[in-house]
Amino acid sequence: MSFLEYRIKMVPTGLQKFLHLNWPLILLLTAVAAVGWLMLYSVAGGNIDTWAKPQMQRFGAGLGVMLFIAFVPIWFWRNLSALAYLVAIGLLLVVEFFGHTGMGAQRWINLGFIMLQPSELMKVALIMLLAAYYDWLPGDRTSRPVWVLVPVILILLPTALVLTQPDLGTALLLMLGGGVVMFCAGVSWIYFAVVIGAGIGLVATVMLSRGTTWQLLHDYQFKRIDTFLDPGSDPLGAGYHISQAKIALGSGGWGGKGFMQGTQSRLNFLPEKHTDFIFTTLAEEFGFIGAFSLLTLYALIIGFCVISALQNKDRFSSLLILGVAANFFFYFAVNMSMVMGLAPVVGVPLPLVSYGGSAMLVLLASFGLVQSAHVHRPR
Amino acid sequence: MRRSNRDTEETARQVNRRALLMGGAMAAMVAVLGARMRYMQVEQADQFRLLAEENRINIRLIPPNRGLIQDRNGRLIAGNEQNYRVVITREDAGDVDAVLHRLAALIPMTDDEIDKTTREALRHSPFVPIIVADRLSWDDFSKVALNAPSLPGVSPEVGLSRIYPLDTDFAHIVGYVGPVSEADLAKLEDPDPLLQIPKFQIGKIGVEKWTEDTLRGRAGAKRIEVNALGRVMRELDRREGVAGSDIRLTIDAAVQNFAQVRLGDDSAAAVAVDVQTGDILAIASAPSFDPNLFVRGISQRDYAALTENDHRPLANKSVQGAYPPGSTFKMVTALAALDAGVIDTETSIRCPGYYEVGGRKFHCWKRAGHGTVNLKRGLAESCDVYFYEIAQKVGIDKIAEIGRRLGLGGRHDLPMSAITEGVMPDKAWKVARYKKDWVIGDTINAAIGQGYVLTSPLQLAMMTARIASGKAVQARLIHMIDDKPVPIAEAPSLGFDAANLAAVQRGMFEVMNGGNGTARSARIDDDTMLMAGKTGTAQVRNISAAERASGVVSNDQLPWKSRDHALFVGFAPFDNPRVAVSVVVEHGGGGSAVAAPIARDILLRCLHDGIPPLSAYPAAQRNRIDSQFKAMKLRDPDGVLPGKSQA
């Protein structure tokens, strides 16, 4: 479908687009970000300058980026998909050779004004490229092996690069994000069954490789898996963080200990309390009510995205929206599972809430694509 | 490329179907997350809340003030001293080394100490206070306090530590405290959580150890909030502890000081007891040591000096030393023979200078012999042959029974360390101990306090008190606890016939006051407090027949270790006994020349408040005694005021 088929005459133009934005989505995103500011203010011990203020500024910048992307027609972005993918691959290679090392992995690239994590960019670029691919591919070829192999390679290439950093969490999220787009595009169930089967086999192999010469994961990663399976096994070492996170979360109870009253957070029992473990502070200070409210906000964002995708008759647009939604979903689902002891600690931030500019900027940019698709949908 | 409408609609439907499936899956996951939240935050909340509280709240003990130890008049013997010290906290100090160098300008500190403290500070967490200097003078302490603004992270602190103001006088009685050790913890089945405090001070020996439970008190506690690093954030609440009870000893510190000084540099012990109550008035052991050294942590050199000294300053000879009592034992032999009825108070025995039994000759100390001797003369002139004979008549088992009745061969229960039982031998004892039968020679030796008989100065003093009073008085060291007097049990009679007891006492009177009494030169020349006593000279070596033939080598010519022990027991006033005393001077020579004068001085010191008046001494001795008293370096009685807790 070419841009002509978007029935341009019916697509809003100029400032009219402002009225056709998906406003509930913007409000929900802002609400989630506001929760983040509140929590960053709290974990900084009531100091706004430490984390909350920079985070607000970044959100403001991110919002600007989102609106800019939203005002540019979606077909323009679709045509940039391949370029975006190549740039992201290039950046991943740069990071491989010149990147900054942090937390035992090479992940960051210094752009001067921001520390960029190319793998974040890659998640969006991959979704765009796969959506564009299935937009281009005639429907009857979707499940043919050759045409399935192409997107698989497109997914595995960046996944491999991210794995060498090594960043298992992001690699998994990349595969899941790409997989969701393929699934939504209608690739046959059989392939997914095969991949899931292979995945189980792979996990088994990885676990068996432990302690051998061809060990597939770093020791710290195995340690995290151990800790996940039994946090009590090492309560003062690797398991300490997850145990303390669970204590913080559980001790919040129904109504929480009150704003800035979380003992676990205030007395520094919580690790990484302004980044990956910020959800535990929320759960401690606002209890089940606060934690469940945030979960609801997240679910509503996903819900509005899915509705927007269903409304959109353009294949690229709806696949893109679903991909972005899934990407966002995996962020918070993995993060929450991690701090609640349902998943191993993999270092995934809570989207829009955890302190950090790069991830938020990329997320808001991806929602800019969702808005653009929404504004410029065929009517 | 154009696609047909049908194709487009087909794929769009495909997307929508899969999109709904995706949405459903995500909704399911959200439901799982919500359920997990509910499970942890609602169902398991109490359990997690408890864990969070355990994280946050620590309980710290507040050590109670240790009870004081005072003499019978309330003078402080062991107290708690404010210990001025300076601590530094790294995180407040910034550059620890620079701050310490500035501090070194105010208080004495070497570069080595500065380096050591800096390293120590770097080893601990930044908020842990490190002790820079301990036991500062008030002047140094105020200098630091005044200059606090220019010394970031440095803070002056006040703690309590044990101090013994009368240092050497009470070292053997009161002992000292020290930090609780692993060995202590293993030994004591004491669940007191105070013992878990690092370096908590407990009594190590002496009264400090044996009345530990009374002195220690009960711990208070405070609940504090800590952060993940263990830093104290605030105090939540506190419960004060109960201070330890104060103990008053029966000892009079002035008398004790007099006795200790009077013993001087000799290796000697002296015990003075109240004849009626058994109260220990003085219990000295010389030489002594300064217990404060042990509290502060004694240096290797000081400790080696104490352990290598052949006069054994660390040994508490008054209760721990077991000596042959020598002739001071003769009252026991006499009382046994009288009590058994084998002699009466006037029975006479001829002393030719030796006693022959079983083909062996046992010599009297007087080679020429005493001629005809009765009980009074036997004691007064200490005739050995008299006691050989009566001992053989009465037998060892009766002698041992009377010895035990007088407190020999048994442990006097005082709160002091290493109290010996001594040895009061009888036939069964020898069989059990040596697997040999008792022989007649053993009885002959025991009759004059040689052979197997071993007694401590404490036992000798108690024996004398019992002979003087005729009652089974019990030794007592604790006078009051928290100003409440410890009750004295009424002492039962020893059950001796009054005439027999009086005869023995009379014999002891003659020792001092008779014309030929062995201790006549050490008599008290004051009719209101005439003294009774008995000398003893205990051999510590065997005199061979060859040596006896060529003349016994006099003590002066022997090496110190081979000289005889000098002993003396006595009481006064004779007609109304109040104080009994025993003195043992190790390797001192003769009892009458060495031990008796010491005993007389201590007796007089007990009976007088202050230095004994010269009028109590025989006129010829007064000049010598006067200069002797003037040479004594006694502690100023007002130097240490009655102690009140300084906390």
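## Pairing in the five-stranded sheet of chain B

Two strands are said to pair if DSSP finds at least two bridges between them, and with that in mind the strands of this predicted model can be followed one after another. In chain B, B:Gly536 stands opposite B:Leu567, a residue of β20(B), and B:Thr535 has B:Phe568 of β20(B) as its bridge partner. These residues belong to a wider pattern, in which strand β19 of chain B, residues 532-538, is joined to β20(B) by 7 bridges and the two run antiparallel.

On the other side of the pattern, β20(B) also pairs with strand β21 of chain B, residues 579-585, again in the antiparallel sense and over 7 bridges. One of the bridge partners here is B:Val579 in β21(B), which is matched with B:Ala572, and the chain passes from β20(B) to β21(B) by a hairpin of 6 residues. In general, the strands of a sheet pair through backbone hydrogen bonds, and they may do so in a parallel or an antiparallel way.

Seen as a whole, this is an open sheet of 5 strands in chain B, with the order β12-β11-β21-β20-β19 and antiparallel pairing. Its edges are β12 (280-286) and β19 of chain B, each of which pairs on one side only, and neighbouring strands are turned against each other by 5 degrees on average, if direction is ignored. Helix α11 of chain B, residues 253-263, packs on this sheet and touches β11 (268-274) and β12 of chain B, while the direction of the helix makes about 30 degrees with that of β12(B).

## A covered strand and the core around it

Is strand β20 of chain B, residues 565-572, mostly covered or mostly open? The strand is mostly covered, since 8 of its 8 residues are buried. From β20(B), the residues B:His565, B:Leu567, B:Val569 and B:Phe571 point one way, whereas B:Ala566, B:Phe568, B:Gly570 and B:Ala572 point the other way, and all of them are buried.

The largest nonpolar core has 131 residues, and the members that touch the most others are B:Ala270, B:Ala272, B:Val273, B:Val581, B:Val583, B:Ala595 and B:Ile602. Helix α24 of chain B, residues 591-607, supplies the largest share of this core, with 9 residues. If its neighbours within four places in sequence are left aside, B:Val581 is in contact with several residues, including B:Ala270, B:Ala272, B:Gly570, B:Phe571, B:Ala599 and B:Ile602. Apart from the largest core lies another, of 120 residues, and among its members are A:Cys305, A:Phe329, A:Tyr331 and A:Leu364.

## A three-stranded sheet in chain B

Chain B also holds an open sheet of 3 strands, arranged in the order β1-β8-β9 with antiparallel pairing. The edge strands of this sheet are β1 (57-62) and β9 (232-239) of chain B, each pairing on one side only, and the twist from one strand to the next averages 30 degrees. Strand β8 of chain B, residues 220-226, pairs with β9(B) over 6 bridges in the antiparallel sense, and within this pairing B:Arg223 has B:Asp237 of β9(B) as its bridge partner.

## Chain A and its contact with chain B

The secondary structure of chain A comes to 15 helices and 3 strands, and buried residues make up 50% of its 379 residues. Among the contacts in chain A between residues at least 6 apart in sequence, 71% join residues that are at least 24 apart.

Where the two chains meet, the contact takes 44 residues from chain A and 37 residues from chain B. Several helices of chain A each supply at least two residues of the side that touches chain B, among them α8 (168-185), α11 (238-251) and α14 (315-339), but α13(A) gives the most, with 11 residues. Sorted by class, this side of chain A has 29 nonpolar, 12 polar and 3 charged residues.

## An annotated helix and an exposed glycine

A UniProt annotation from an unreviewed entry, "transmembrane region", covers residues 20-39 of chain B. Over residues 20-39 of chain B, the chain is 100% helix and 0% strand, and the end C-alpha atoms lie 28 Å apart.

B:Gly515 is found in the loop between α22 (498-513) and β19 of chain B. Why does B:Gly515 count as exposed? B:Gly515 counts as exposed because there are 8 C-beta neighbours inside 10 Å, and a residue is called exposed if the number is 12 or fewer. The C-alpha atoms of B:Gly515 and B:Glu381 are separated by 9.6 Å, although the two residues are 134 residues apart along the chain.

How values were computed. Residues numbered from 1 in each chain as written. Chains lettered and ligands numbered in written order. Predicted model: local features only at pLDDT ≥ 70, side-chain atom pairs only at ≥ 80, totals over all residues. Helix = DSSP H or I, 4+ residues; strand = E, 2+ residues; numbered from the N terminus. Axes fitted to C-alpha atoms, helices over the stretch in contact; angles between N-to-C directions. Buried ≥ 20, exposed ≤ 12 C-beta atoms within 10 Å, placed from the backbone. Contact = placed C-beta atoms within 7 Å. Nonpolar A, V, L, I, M, F, W, Y, C, P; charged D, E, K, R; others polar. Core = buried A, V, L, I, M, F, W, Y, C linked by C-beta atoms within 7 Å. UniProt positions renumbered as here; feature names shortened; annotations may be inferred.
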